[in-house]
Amino acid sequence: MPTVGYALLCEALDLKVIAPYRVAMIKPVTRITLIGNCLAVPHSVAPAQHALFEHVLFALKHEGVNLAVLAQVFERLGPEPFLAGLADSPNGAFIRKACFLWEGFTGKTLNYALPVRGRVVALFDPKRYVTGPSTRDSRWRVDFNGLGSLHYCATVERTPELEALLALDVLSRAKSFMAALPPEMMDRAIQWAYLHETRDSFAIEKEQPSEEKSRRFVQLLRQAHEGRLLTEDYLVELQNSTVSNLFDKAVAFRHEQNHLHNGLRGAAGVSYVPPAPALCQELMEELMAFANQPVREVDPLVAAAVTAFGFVFLHPFMDGNGRLSRFLIHQMLCHYGALEHGLLLPVSVAMKHEEQAYLEALKAFSQPTREFWDVTWLDGDQMAFDFIGHPSIYRYWDATRCVEFTLQMARRALEVELREETEFLDRYDRVIKAVNQRFDVRGSDLSKLVMMCLDNEGKVSKHRRKQFQYSVPEEVFEFIESEAGHALREIGKFPID
């Protein structure tokens, strides 16, 4: 079936772009209908195959805004079709959007002197996309409201899954949940969150951090509450704190090509290639500007996801990018004032438990991007990298899946990780108190036994009984099991609203 809109533009102009998620095609239907991932278009309303500019307007009207495609298409188009479109419909919303983008992408000005009188239109439909702060272009009466700028912008579609996650208002629930805890319990739960966020962020990188490295990362997490804005110097400082090898410590954003490796030999082992150093530097400036913008109407978790995943896709350092990207989730939530009084949402703990889903979210961008690099193995670990794509691949990316995943992990961090740890602490305290009221047991032994019993579904194993047989009476083991059983059978004392 013949394609329409963005799909036709990609085919006709052989664009170097990640294939659109949905494809518009001419189908035997009576009206434009979304069928799965296909936008079925009646032949009667489809533009002629050769009329490229008509497909641009069709795409803007029916398929949304794909800046990566439009940036490449508008490089090929001169001003003539835009001026002709203005003559036909001088105040039309979609021709004005096209003119605004053409001038923005090319840096040129259309020779059109007549005033535009149509009502102001948003470039991104807020009903279809999560949008950012608006900046008005008075010439075309178009508001740019993307998540970023015309030089670097992520798009996030309001899928049913995303809308449901946003409606949960996880951050407000997290603050209410922690505020409802007894002060000592809250302090211990937060301390647990910091330690385990550190451990699991390193574990995702298949690394076991030393005590010193763990201490430094916990300090970084706490430091995020100070509200420092992202700069190259600050990110270098953070990177230096997360890596221990002196040769891996950065002094600036990278000046050489980086890549990710999957363990295979030669070029087949290169699983992802971030942008070349010059483009990386430019886009990092744009990403930091997005992250540092005054807090406005962007949901904090959306902003955190765009910043964190955008950072890891740009990969500005030779090492430490992954754990820094997860730190940036916390940094952004603090910037938005969503985590007060030292509160931390242990998102990395949730990600570690959902590691496969995390990899899939990363691959949604990294896998198709890899196709635009010719990699040649030279010798040893030396590679030659030749980018055969277009910078718009990195400038304009679909962050929908990454944002959905981040919200899912925030929900799990609250409803599973924090809740379970809080309930564990409550059970632990109750068993410890009950044992101390009846027996005199060394504190360190009792603490270990109660923890092990609660982790072992209320049973003190034969191994532990043998290990402590000379310091703990047999009846204490039985009593610990009894009290632990009562605690484990009770309904959670700290429900999540």
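Biologist: Which residues have the most contacts inside the largest nonpolar core?

Modeller: In this predicted model, the residues with the most contacts inside the largest nonpolar core, a set of 94 residues, are Leu235, Val306, Leu345 and Trp397. Helix α12 gives the most to this core, with 12 residues.

Biologist: What does Leu235 touch, once residues up to four places away in sequence are not counted?

Modeller: Leu235 touches Leu230, Phe253, Met284, Met288, Phe311, Phe317, Leu324 and Leu328. A second, separate core has 41 residues, including Tyr6, Leu9, Leu57 and Tyr112.

Biologist: Which residues of helix α2 are buried?

Modeller: In α2, which spans residues 52-62, the buried residues are Phe53, His55, Val56, Leu57, Phe58, Ala59 and Leu60, and Leu57 is also one of the residues of the second core. After α2 comes Gly64, whose phi is positive, near 90 degrees.

Biologist: Why is the pair of Phe124 and Tyr129 called edge-to-face?

Modeller: The ring centres of Phe124 and Tyr129 lie 5.3 Å apart, which satisfies the limit of 6.5 Å for a pair, and their planes stand at 80 degrees, which is over 60, so the pair is edge-to-face. Both Phe124 and Tyr129 are buried, and the structure holds 24 aromatic pairs.

Biologist: What makes the pair of Phe313 and Phe365 tilted?

Modeller: The centres of Phe313 and Phe365 are 4.5 Å apart, within the 6.5 Å that a pair requires; the angle of 35 degrees between their planes is neither under 30 nor over 60, and the pair therefore counts as tilted. This pair links distant parts of the chain, with Phe313 in helix α12 (residues 300-314) and Phe365 in helix α15 (residues 355-370), 52 residues apart.

Biologist: How do you know whether Phe313 is buried or exposed?

Modeller: Phe313 has a relative accessible area of 5%, and because buried means under 20%, Phe313 is buried. The value for Phe365 is 6%, so by the limit of 20% Phe365 counts as buried too.

Biologist: Which residues do ring pairs link into a cluster?

Modeller: The cluster consists of Tyr272, Phe309, Phe313, Tyr358, Phe365, Trp373, Phe385, Phe387, Tyr394, Trp397 and Phe405. Trp397 also appears among the residues with the most contacts inside the largest nonpolar core, while Trp373 has Phe387 as its bridge partner in β13.

Biologist: How many bridges join strand β12 to strand β13?

Modeller: Six bridges join β12 (residues 373-379) to β13 (residues 382-387), and the two strands run antiparallel. They form a hairpin with two residues between the strands, in which Gly380 takes a positive phi near 60 degrees.

Biologist: What makes Arg222 a charge that sits over the ring of Tyr194?

Modeller: The charged end of Arg222 lies 4.0 Å from the centre of the Tyr194 ring, a distance within the limit of 6 Å, and the further requirement is a position within 35 degrees of the ring normal. The charged end of Arg222 is accordingly assigned as sitting over the ring of Tyr194.

Biologist: Where does Asp14 lie, and is Asp14 buried or exposed?

Modeller: Asp14 lies in the loop between α1 (5-13) and β2 (23-26), and has a positive phi of about 50 degrees although it is not a glycine. Its relative accessible area is 51%, and since exposed means over 50%, Asp14 is therefore exposed.

Biologist: Why does Asp169 count as partly exposed?

Modeller: Asp169 has 38% relative accessibility, which is neither under 20% nor over 50%, so Asp169 counts as partly exposed. Asp169 lies in the loop between α6 (160-167) and α7 (170-179), and its phi, near 50 degrees, is a positive value in a residue other than glycine.

Biologist: What makes β1 and β3 edge strands?

Modeller: The open sheet has four strands in the order β1-β2-β4-β3, with mixed pairing; β1 (3-4) and β3 (33-35) each pair on one side only, and they are the edge strands. Three bridges join β3 to β4 (residues 38-41), the two running antiparallel, and Leu34 has Leu39 as its bridge partner in β4.

Terms used: Residues numbered from 1 in each chain as written. Predicted model: local features only at pLDDT ≥ 70, side-chain atom pairs only at ≥ 80, totals over all residues. Heavy atoms only, no water. Phe/Tyr/Trp six-rings, centres within 6.5 Å; stacked < 30°, edge-to-face > 60°. Buried < 20%, exposed > 50% of the residue type's maximum accessible area, 1.4 Å probe, protein only. Core = buried A, V, L, I, M, F, W, Y, C linked by side-chain atoms within 4.5 Å. Contact = heavy atoms within 4.5 Å. Pairing = 2+ DSSP bridges.
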